[in-house]
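Biologist: I should like to learn how to read a model of this kind, feature by feature. Please begin with the overall fold.

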Amino acid sequence: MRVADIQRFCTHDGPGLRTTVFFKGCPLRCVWCHNPETQKFESEMMLHTALCAGCGACVEICPAGAQILTQTDRYRKVELCVGCGACAGACPTEACRAVGREMTPEQVADAVCEDAVFYATEGGVTLSGGEPLCTDGIEQLVPLLKKRGLHVLVETAGACESARLARVAPYVDEFYFDIKHTDPQKHRELTGALPDAILHNLALLDSLGARIRLRCLLVNGLTTEKEHFERVAALYHSLVHCTGVQLLRYHPMGGSKAAALGLADSGRREWIPTEEQIRRAAQILTEHKVPIFL
Ligand code: SF4
Ligand code: SF4
């Protein structure tokens, strides 16, 4: 399995205190992506220039001449970088960092279980990404976590193989299922894919009796239309095992991570939803008798 990060003591990724495992790789390309470092399935390098102390160790060790450090410039020539990871090993401040650590399902389960004493009755493990259900080894990991008595939550956009989803579902306590957009063409514009296969997987999960919470990210001007939330309400009512809809706010944090990857800064402050947009979305869902989580 290729792990981007393991975050401990998380309070926003499900009930109680949780350990969240972020896996590398996602077939979607949401324009607002909060975790661009998890999009590619391969390992990659990041350079956080704000953390750089200017010591020059990375410049000295880089075999490709990719690290640029002058009086006025500090960047990595992505086109020259061969991903050897030497700079990450030499950097004293973790400004240079490799994203994507190879781990076996057993190693992931062991790392998660280090925190088990803190979970109490409510907490557990959240599998996230990227798209965790596209990760090889997920079918071994999820039963292993369950066997160790953990509450298992999966954050998914449903963009995965249906057969794999069906095999994993019996071992998952709850799915947080992202609804990117309910208009098929807008879904394609905003994520790069049509939603048909995703909606098929949502219906499949529901037919298997999985506990599901839908999640909608509010992005000002992109996912804030009244009709979208009316369709989300209809989708909720089409499901038997859905507990409600969670409204999430866009934040531009993904921008600095994109810049650290050598991509254009994709964080857009104008996409932050207004309080009025959040209130209206909640009101539409409430009027349609949909339980909401804010
Ligand atoms: S990972 Fe890239 S930038 Fe870092 S030392 Fe290797 S080639 Fe140079
Ligand atoms: S090794 Fe780290 S701190 Fe030193 S110049 Fe390179 S990125 Fe900056």
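Modeller: The model is predicted. A fold is commonly introduced by its secondary structure, and this protein has 10 helices and 13 strands. Its radius of gyration is 20 Å, close to the 19 Å that the globule rule gives for 294 residues, so the protein is as compact as a globular protein of that length. The C-alpha trace spans about 60 × 45 × 30 Å along the principal axes.

Biologist: What share of the 294 residues counts as buried?

Modeller: Of these residues, 40% count as buried. A second reading concerns sequence separation: of the contacts in the protein with a separation of 6 or more, 71% are between residues 24 or more positions apart.

Biologist: Into which domains is the protein divided?

Modeller: There are two entries in the assignment: domain 1 (2-41 + 100-293) and domain 2 (45-98). Their centres, taken over C-alpha atoms, are separated by 32 Å. The contact takes 5 residues from domain 1 and 6 residues from domain 2. On the side of domain 1 that touches domain 2, the classes are 2 nonpolar, 2 polar and 1 charged residues.

Biologist: How should one read a nonpolar core, and which residues touch the most other members of the largest one?

Modeller: The general idea is that, in soluble globular proteins, nonpolar side chains tend to be buried together. Here the largest nonpolar core has 72 residues, and Leu145 and Leu214 touch the most other members. Domain 1 (2-41 + 100-293) and domain 2 (45-98) both give residues to this core, so the core lies between them.

Biologist: Leaving aside neighbours within four places in sequence, with which residues is Leu145 in contact?

Modeller: With that exclusion, Leu145 is in contact with Ala109 and Val112, with Val125, and with Leu150 and Val152.

Biologist: Let us turn to the ligands. Which residues come nearest to ligand 1?

Modeller: A ligand site may be read first by its nearest residues and then by the classes in its shell. Around ligand 1 there are 14 residues, of which Cys62, Ala66, Cys81, Cys84 and Cys87 come nearest. By class, this shell has 10 nonpolar, 3 polar and 1 charged residues.

Biologist: And which residues come nearest to ligand 2?

Modeller: Ligand 2 also has 14 residues around it, and those that come nearest are Cys52, Cys55, Cys58, Cys91 and Ala95. The shell around ligand 2 has 11 nonpolar and 3 polar residues, with no charged residues. In reading either shell, note that Cys counts as nonpolar in this classification.

Methods
Residues are numbered from 1 along each chain as its sequence is written. Chains are lettered from A and ligands numbered from 1 in the order in which they are written. This is a predicted model: local features need pLDDT of at least 70, side-chain atom pairs count only at pLDDT 80 or more; totals for chains, interfaces and linings use all residues. A residue is near a molecule or strand if its C-beta atom, placed from the backbone, lies within 6 Å of it. A nonpolar core is a set of buried Ala, Val, Leu, Ile, Met, Phe, Trp, Tyr and Cys residues joined through C-beta atoms within 7 Å. A residue is buried if 20 or more other C-beta atoms lie within 10 Å of its own, exposed if 12 or fewer, and partly exposed in between; C-beta atoms are placed from the backbone. Domain bounds come from an automatic or database domain assignment. Two residues are in contact if their C-beta atoms, placed from the backbone, lie within 7 Å. Helices (H or I, at least four residues) and strands (E, at least two) are DSSP runs, numbered from the N terminus. The radius of gyration is taken over C-alpha atoms; the globule rule is 2.2 Å times the number of residues to the power 0.38.
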